[in-house]
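Here are some notes to read alongside the structure, written for someone meeting it for the first time. Take them in order, and keep the view open as you go.

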Amino acid sequence: MNEMVTIPREEYDRLQAAAEDLADLQAYDRAKAALAAGEDELIPEGFANRLMNGESPLRVYRDLRGLTQAALADKAGVNRVSIAEIETGRKQGSIATLRALADALGVTLDDLAN
(Lines give C-alpha, C1' and ligand atoms only; values in the text may rest on other atoms or scores of the structure.)
Protein backbone atom coordinates (compact mmCIF):
# COMPACT_ATOMS: atom_id res chain seq x y z
CA MET A 1 0.00 0.00 0.00
CA ASN A 2 2.80 2.46 0.78
CA GLU A 3 4.54 3.16 -2.47
CA MET A 4 8.02 4.53 -2.17
CA VAL A 5 10.23 6.15 -4.73
CA THR A 6 13.94 6.48 -4.32
CA ILE A 7 15.73 9.31 -6.06
CA PRO A 8 19.25 10.63 -5.81
CA ARG A 9 19.85 13.35 -3.21
CA GLU A 10 20.84 15.78 -5.96
CA GLU A 11 17.45 15.33 -7.65
CA TYR A 12 15.63 15.70 -4.31
CA ASP A 13 17.51 18.96 -3.61
CA ARG A 14 16.67 20.25 -7.10
CA LEU A 15 12.97 19.46 -6.61
CA GLN A 16 12.98 21.07 -3.16
CA ALA A 17 14.53 24.27 -4.55
CA ALA A 18 12.00 24.31 -7.41
CA ALA A 19 9.12 23.95 -4.92
CA GLU A 20 10.47 26.86 -2.86
CA ASP A 21 10.83 29.01 -5.99
CA LEU A 22 7.24 28.20 -6.96
CA ALA A 23 5.99 29.17 -3.49
CA ASP A 24 7.87 32.49 -3.76
CA LEU A 25 6.35 33.19 -7.18
CA GLN A 26 2.86 32.40 -5.90
CA ALA A 27 3.33 34.74 -2.91
CA TYR A 28 4.52 37.47 -5.27
CA ASP A 29 1.48 36.95 -7.52
CA ARG A 30 -0.88 37.14 -4.50
CA ALA A 31 0.79 40.36 -3.31
CA LYS A 32 0.55 41.96 -6.76
CA ALA A 33 -3.12 40.94 -7.04
CA ALA A 34 -3.90 42.41 -3.60
CA LEU A 35 -2.24 45.69 -4.62
CA ALA A 36 -4.10 45.78 -7.92
CA ALA A 37 -7.42 45.09 -6.17
CA GLY A 38 -6.79 47.86 -3.63
CA GLU A 39 -6.73 45.33 -0.79
CA ASP A 40 -3.20 46.30 0.21
CA GLU A 41 -0.92 49.27 -0.22
CA LEU A 42 2.77 50.00 -0.37
CA ILE A 43 4.13 52.24 2.35
CA PRO A 44 7.06 54.48 1.40
CA GLU A 45 10.34 53.65 3.13
CA GLY A 46 10.42 56.78 5.25
CA PHE A 47 7.02 56.03 6.76
CA ALA A 48 7.88 52.35 7.25
CA ASN A 49 11.06 53.36 9.06
CA ARG A 50 9.11 55.66 11.34
CA LEU A 51 6.78 52.77 12.25
CA MET A 52 9.71 50.42 12.85
CA ASN A 53 11.43 53.05 15.01
CA GLY A 54 8.42 53.11 17.34
CA GLU A 55 6.74 56.35 16.33
CA SER A 56 3.01 56.53 16.96
CA PRO A 57 1.28 54.59 14.17
CA LEU A 58 -1.60 57.05 14.32
CA ARG A 59 0.71 59.97 13.57
CA VAL A 60 2.58 58.08 10.83
CA TYR A 61 -0.62 57.05 9.01
CA ARG A 62 -2.10 60.53 9.49
CA ASP A 63 1.03 62.05 7.93
CA LEU A 64 0.98 59.44 5.16
CA ARG A 65 -2.58 60.48 4.30
CA GLY A 66 -1.61 64.17 4.42
CA LEU A 67 -4.08 65.01 7.18
CA THR A 68 -3.76 67.45 10.04
CA GLN A 69 -5.04 66.43 13.45
CA ALA A 70 -8.03 68.72 12.91
CA ALA A 71 -8.83 67.23 9.49
CA LEU A 72 -8.59 63.68 10.85
CA ALA A 73 -10.76 64.66 13.82
CA ASP A 74 -13.45 65.96 11.45
CA LYS A 75 -13.24 62.92 9.21
CA ALA A 76 -13.37 60.42 12.10
CA GLY A 77 -15.79 62.33 14.32
CA VAL A 78 -13.22 62.33 17.13
CA ASN A 79 -11.98 65.18 19.31
CA ARG A 80 -8.68 66.64 18.06
CA VAL A 81 -7.27 66.66 21.59
CA SER A 82 -7.87 62.90 21.78
CA ILE A 83 -5.80 62.44 18.64
CA ALA A 84 -2.97 64.53 20.09
CA GLU A 85 -3.04 62.55 23.33
CA ILE A 86 -2.96 59.21 21.51
CA GLU A 87 -0.13 60.34 19.25
CA THR A 88 1.99 61.49 22.20
CA GLY A 89 1.23 58.37 24.24
CA ARG A 90 -0.57 60.23 27.04
CA LYS A 91 -3.68 58.14 26.35
CA GLN A 92 -4.36 54.91 24.52
CA GLY A 93 -7.82 55.74 23.24
CA SER A 94 -10.91 53.59 23.46
CA ILE A 95 -11.57 50.82 20.97
CA ALA A 96 -14.42 52.89 19.51
CA THR A 97 -12.15 55.90 19.05
CA LEU A 98 -9.34 53.85 17.52
CA ARG A 99 -11.79 52.10 15.20
CA ALA A 100 -13.17 55.44 14.00
CA LEU A 101 -9.63 56.71 13.40
CA ALA A 102 -8.61 53.51 11.60
CA ASP A 103 -11.68 53.72 9.35
CA ALA A 104 -10.98 57.37 8.56
CA LEU A 105 -7.36 56.54 7.68
CA GLY A 106 -8.27 53.44 5.65
CA VAL A 107 -6.22 51.11 7.85
CA THR A 108 -7.04 48.26 10.22
CA LEU A 109 -7.30 48.56 13.97
CA ASP A 110 -4.19 46.37 14.17
CA ASP A 111 -2.29 48.92 12.09
CA LEU A 112 -2.78 51.49 14.84
CA ALA A 113 -1.58 49.18 17.63
CA ASN A 114 1.78 50.12 19.13
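1. Let's start with Asp103, which sits in helix α6, residues 95-105. Please keep in mind throughout that this is a predicted model. Is Asp103 buried or exposed? With a relative accessibility of 58%, Asp103 counts as exposed, because the cut-off for that class is over 50%. If you look across to Ala33, you will find a residue 70 places away from Asp103 in sequence, with 22 Å between the two C-alpha atoms.

2. Now turn α6 around in your viewer. Its buried residues are Leu98, Leu101, Ala102, Ala104 and Leu105. These buried residues span an arc of only 165 degrees about the axis, so they lie on the same side of α6. The other side of the helix has Ile95, Ala96 and Asp103, which are exposed. Asp103 from the opening point therefore belongs to the side of α6 opposite the buried residues.

3. What covers the buried residues of α6? The cover includes α3, α4 and α5. Just past the end of α6 comes Gly106, with a positive phi of about 75 degrees.

4. The largest nonpolar core is a good next stop. This core has 17 residues, and those touching the most other members are Leu58, Leu72, Ile83, Leu101, Leu105 and Leu112. At least two core residues come from each of α3 (57-64), α4 (69-76), α5 (80-88) and α6. Which helix gives the largest share? That is α6, with five residues. As background, nonpolar side chains tend to be buried together in soluble globular proteins.

5. Leu58 is a handy residue to centre on. Setting aside residues up to four places away in sequence, Leu58 touches Leu72, Ile83, Ile86, Glu87, Leu101, Leu105 and Leu112. Do notice that Glu87 is one of these contacts; this residue returns below.

6. How much of α3 is covered? Mostly covered is a fair description, as six of its eight residues are buried. The buried ones are Pro57, Leu58, Val60, Tyr61, Arg62 and Leu64. Their cover includes α2 (45-52), α4, α5 and α6. After α3 comes Gly66, whose phi is positive, near 75 degrees.

7. Arg62 deserves a closer look. This residue of helix α3 has a relative accessible area of 7%, which is under the 20% cut-off and so makes Arg62 buried. Beyond its neighbours within four places in sequence, Arg62 is in contact with Leu67, Thr68, Gln69, Leu72, Glu87 and Leu105. Two of the residues named here, Leu72 and Leu105, are also among the core members with the most contacts to other members.

8. Which residue is the salt-bridge partner of Arg62? Glu87 is, with an N to O distance of 2.6 Å. Because Arg62 lies in helix α3 and Glu87 in helix α5, their pairing ties together parts that are 25 residues apart in sequence. Both Arg62 and Glu87 are buried. In general, side chains of opposite charge can pair when their charged atoms come close.

9. Arg59 has salt bridges to follow too. One is with Asp63, where the closest N and O atoms are 3.6 Å apart. Asp63 and Arg59 are four residues apart in helix α3, so about one helical turn separates them. Another is with Glu55, at 3.9 Å between the closest N and O atoms. These residues are partly exposed: Arg59 has a relative accessibility of 39%, Glu55 has a relative accessible area of 27%, and for Asp63 the value is 25%.

10. Stepping back, the whole structure contains ten salt bridges. The pair of Arg62 and Glu87 is part of one network, in which salt bridges that share partners join Arg50, Glu55, Arg59, Arg62, Asp63 and Glu87.

11. A last place to visit is on the surface. Val5, Ile7, Tyr12 and Leu15 make a nonpolar patch of about 390 Å². Of these, Tyr12 is found in helix α1, residues 9-36, and counts as partly exposed at 40% relative accessibility.

Terms used
Residues numbered from 1 in each chain as written. Predicted model: local features only at pLDDT ≥ 70, side-chain atom pairs only at ≥ 80, totals over all residues. Heavy atoms only, no water. Patch = residues over 30% accessible without salt bridge, like charges linked within 9 Å, V, L, I, M, F, W, Y side chains within 5 Å. Areas by Shrake-Rupley, 256 points an atom, 1.4 Å probe, with all protein chains shown as cover. Salt bridge = Lys/Arg side-chain N within 4 Å of Asp/Glu carboxyl O. Buried < 20%, exposed > 50% of the residue type's maximum accessible area, 1.4 Å probe, protein only. Core = buried A, V, L, I, M, F, W, Y, C linked by side-chain atoms within 4.5 Å. Contact = heavy atoms within 4.5 Å. Arc of directions from axis to C-beta.
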